[in-house]
Amino acid sequence: MKMNECLTQLGMIAVNATRLRKMHTIYDPWADHIKLEAIASRKDVPLMILGNSSASKRTKISFLRFYDGNLLDQFDLRVLAFTSNYEFKTVSPGIGLKPMVIFIGEEWEGTRMKGIKSWWLDYFRGAEERTVMAPLYAKFMVAFIAETLESKDDKEQFHMRVYTTSRNGKEVQLTECGPRVMWEVVRWQEPSAEMWRRATKKPPSPYQPTAGGVKSKLMEINELGERLGRVTVETQDLSGIVSRRFKGLSKVNPKAAEKKE
């Protein structure tokens, strides 16, 4: 029950999440991920959260990320503690809003924690905003607080807390609204170097520098990576251009037309 409620509330704070129907077949992404790749390709989803209600994995949740129809990376988290947003007296943020995400703790600089951090950033990223709408602050914030490891053998643990924001004059106040989850990292599968390089490849900048090192405003690159340019041409007088003559397009002299009549 705790796992199902946790999955539901994770979907509520996401920018754009779709809940798939209940699957009667139990999928284990660590044993066979081919079927999950087919589902992700058919549904066109780059991220997937998979919960299993079996007795042995009732508190483990799998987080998967896909690129170009193939599994990029995945990790399992165990729910150590969960507090629903219904237990908080504050109002929950609206569905579909884009939050501000912060990560606190030096443990996020580790290799495994960097991969998990990248997954959560993609989960809350949403569509790119080209214009900033008022008010100039996020409606809610998601904070990930990593626990300090006492030894190298300890598994990484971190808190996830959700806060709503309200403005009081020039100050922005934070009020916890839930859900609040305590996670423990069970295992993580590192992506291949070649696939990670292709997945994180950044498109060229919109303005490419010329041979002299000066950026040209007449050249830009669209979202597909195609280079587009604009050419400035002086005003041309098309009336004096000699082209193929057609009787139907030639001008009729009114005096000649009267003589024919």
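Two strands count as paired here if DSSP finds at least two bridges between them. With that in hand, β6 and strand β8 (residues 180–189) qualify, running antiparallel over 4 bridges. One facing couple in this pairing is F158 and W183, the latter sitting in β8. Please keep in mind while reading that this is a predicted model.

## The chain as a whole

Let us step back for a moment. The protein chain holds 5 helices and 10 strands. Of its 261 residues, 30% are buried. How many of the contacts between residues at least 6 apart in sequence join residues at least 24 apart? The share is 60% in the protein chain.

## Strand β6 and its partners

Strand β6 is a good place to start a tour, and the table below gathers its pairings.

| Pairing | Sense | Bridges | Residues facing each other |
|---|---|---|---|
| β5 (residues 140–146) with β6 (residues 157–168) | antiparallel | 7 bridges | M141 and Y163 |
| β6 with β7 (residues 171–176) | antiparallel | 6 bridges | T165 and L174 |
| β6 with β8 (residues 180–189) | antiparallel | 4 bridges | F158 and W183 |

The link between β6 and β7 deserves a closer look. These two strands make a hairpin with 2 residues between them, and G169 in the turn has a positive phi of about 75 degrees.

Two residues of β6 show what the strand's surroundings look like. H159 lies in this strand. Is H159 buried or exposed? H159 is buried, because its relative accessible area is 16% and the cut-off for buried is under 20%. Its side chain makes a polar contact with the side chain of E147 at 2.5 Å. Setting aside neighbours within four places in sequence, H159 touches A143, F144, I145, E147, V181 and M182.

T164 is also placed in strand β6. T164 has a relative accessibility of 14%, so it counts as buried too. Which residues does T164 touch beyond its neighbours within four places in sequence? They are V91, P93, K139, F140, Q173, L174, T175 and C177.

As background for reading strands like this one, side chains in a regular strand alternate between the two faces of the sheet.

## A cis peptide bond and a cavity

Moving on from the hairpin, P179 sits in the loop between β7 and β8. The peptide bond leading from G178 to P179 is cis, with omega near 5 degrees. For context, most peptide bonds are trans.

G178 and P179 turn up again in the lining of a cavity. The model has 2 cavities of 30 Å³ or more, and the second largest has a volume of about 50 Å³. What lines the second largest cavity? Its lining consists of Q9, M12, I13, N85, S92, P93, I95, G178 and P179. Sorted by character, the lining residues are 5 nonpolar, 4 polar and no charged. P93 links two parts of this story, as a lining residue of that cavity and as a contact of T164.

## Two loop residues with positive phi

Next come two aspartates with a backbone angle worth checking. Most residues other than glycine have a negative phi. D44, however, has a phi near 60 degrees, a positive value in a residue other than glycine. D44 is found in the loop between α2 (34–43) and β1 (47–51). D44 is exposed, because its relative accessible area is 68% and the cut-off for exposed is over 50%.

D68 likewise has a positive phi, about 55 degrees, although it is not a glycine. The loop that holds D68 runs between β2 (60–67) and β3 (70–83). With a relative accessible area of 61%, D68 is exposed.

## R230, a loop residue after β10

The last stop is R230, in the loop between β10 (227–229) and α5 (254–260). Is R230 buried or exposed? R230 has a relative accessible area of 58%, so it is exposed. Which residues does R230 contact once its neighbours within four places in sequence are left aside? The contacts are K217 and L218. R230 and L218 are 12 residues apart along the chain, and their C-alpha atoms are separated by 5.2 Å.

Definitions and conventions:
Residues are numbered from 1 along each chain as its sequence is written. This is a predicted model: local features need pLDDT of at least 70, side-chain atom pairs count only at pLDDT 80 or more; totals for chains, interfaces and linings use all residues. Side-chain values use heavy atoms; hydrogens and water are left out. Buried means under 20% relative accessible area, exposed over 50%, partly exposed in between (1.4 Å probe, protein chains only). Contact means heavy atoms within 4.5 Å. On a 1 Å grid over the protein atoms alone, a cavity is a set of points where a 1.4 Å probe fits but cannot get out, and a pocket is an open set with protein on both sides within 12 Å along at least five of seven lines; lining residues have an atom within 4 Å of a point. Grid points are joined across faces, edges and corners, and a volume is the space filled by probe spheres set on the points. Ala, Val, Leu, Ile, Met, Phe, Trp, Tyr, Cys and Pro count as nonpolar, Asp, Glu, Lys and Arg as charged, and the others, Gly among them, as polar. A polar contact is a pair of N or O atoms within 3.5 Å; within protein, one must be able to donate a hydrogen and the other to accept it, and residues adjacent in sequence count only if both atoms are side-chain atoms.
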